[in-house]
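Colleague: Thanks for making time for this. Could you walk me through the model on the screen, starting with its pocket?

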Amino acid sequence: MTSIRQASPTDISNLNLCNLDPLTENYARKFYFDYLVRWPTMFIVAENLRGQIIAYVMGKVEEDPDYVKLLGPDKYLPWHGHVTCLTVAPQYRQMGLAKTLTARLDEACEQENAWFMDLFVRVSNKTAINMYKGMGYSVYRRVLDYYSDNPTGNGSSEDAFDMRKSLSRDKTNRYIRKDGENYRINPEDIYHP
């Protein structure tokens, strides 16, 4: 049996089963603690019967500063939820944990009245891309050379898909784009294309 719960400070030292995966971004301990303090309801873990963290999701809500509105409405990124990290230990995949954790994060962002959810995923991670599409996400744009490493061995960097999913506040899908795979930007243009 697996329990899903809000992360606690002691969990930060117990993420190894998940973080050893080459597709999982690893961060300094301070980064995890910052999320835990700033967005406690958006740092959610799955724990097995032995007390091991076997999956987790970290997210946040954010928006551009007000001055960006002066650049035009298409430049401003409104209040939205962001999936910073979603990972499941390899031996616990294909059990629905990623979908369960993502749904819990979606609920937390709905409570914060966010317009949409977004995330970045490696273009080579077809399994994750298909999973996210199955949960209602679509590709908004392709960010060239977003990741500075490339675990596939094909070059020194890797592109990312910026994927989005409308939440209930966005009734017209205003922040979703069709054919996003073909819309390419550079990393420096992520927030102000």
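Colleague: Happy to begin there. How many nonpolar, polar and charged residues are in the lining of the largest pocket?

Modeller: Keep in mind that this is a predicted model. The largest pocket has a volume of about 1,000 Å³. Of the 41 residues lining this pocket, Leu86, Val121, Asn125, Ala128 and Tyr132 are the closest to its centre. Sorted by class, the lining has 23 nonpolar, 9 polar and 9 charged residues.

Colleague: Which element gives the most residues to that lining?

Modeller: Several elements each supply at least two lining residues, among them helix H2 (29-38), helix H3 (97-111) and helix H4 (126-134). Strands do so as well, including E3 (53-62), E4 (80-88), E5 (116-122) and E6 (138-147). With 8 residues, the element that gives the most is E4.

Colleague: Let's turn to the packing. Which element has the largest share of the largest nonpolar core?

Modeller: That core has 46 residues, and Phe43, Tyr56, Tyr132 and Met163 touch the most other members. The elements giving two or more residues are H2, strand E2 (43-47), E3, E4, H3, E5, H4 and strand E7 (158-166). The largest share is 7 residues, and it comes from E3.

Colleague: And which residues does the second, separate core include?

Modeller: This core has 6 residues and is separate from the one we just discussed. Those it includes are Phe120, Val143, Ala160 and Ile190.

Colleague: Cysteines always catch my eye. Is Cys109 buried or exposed?

Modeller: Cys109 is found in helix H3. Setting aside neighbours within four places in sequence, Cys109 is in contact with Met42, Lys60, Val61, Gly81, Ala114, Met117 and Leu167. Its relative accessible area is 0%, and buried means under 20%, so Cys109 is buried.

Colleague: Which residues in H3 are buried along with Cys109?

Modeller: In an α-helix there are 3.6 residues a turn, so residues three or four places apart point the same way. For H3, the list alongside Cys109 is Leu97, Ala98, Leu101, Thr102, Leu105, Asp106 and Ala108.

Colleague: Last one: what distance does H3 reach from its first C-alpha to its last?

Modeller: H3 has 15 residues, and 21 Å is expected for it at 1.5 Å a residue. Following H3 is Asn113, with a positive phi near 60°. From first C-alpha to last, H3 reaches a distance close to the expected one, namely 21 Å.

Methods. Residues numbered from 1 in each chain as written. Predicted model: local features only at pLDDT ≥ 70, side-chain atom pairs only at ≥ 80, totals over all residues. Heavy atoms only, no water. 1 Å grid on protein atoms, 1.4 Å probe; cavity = no way out; pocket = protein on both sides within 12 Å on 5 of 7 lines; lining within 4 Å. Points joined across faces, edges and corners; volume = space filled by probe spheres on them. Helix = DSSP H or I, 4+ residues; strand = E, 2+ residues; numbered from the N terminus. Nonpolar A, V, L, I, M, F, W, Y, C, P; charged D, E, K, R; others polar. Core = buried A, V, L, I, M, F, W, Y, C linked by side-chain atoms within 4.5 Å. Buried < 20%, exposed > 50% of the residue type's maximum accessible area, 1.4 Å probe, protein only. Contact = heavy atoms within 4.5 Å. Expected span 1.5 Å × (residues − 1).
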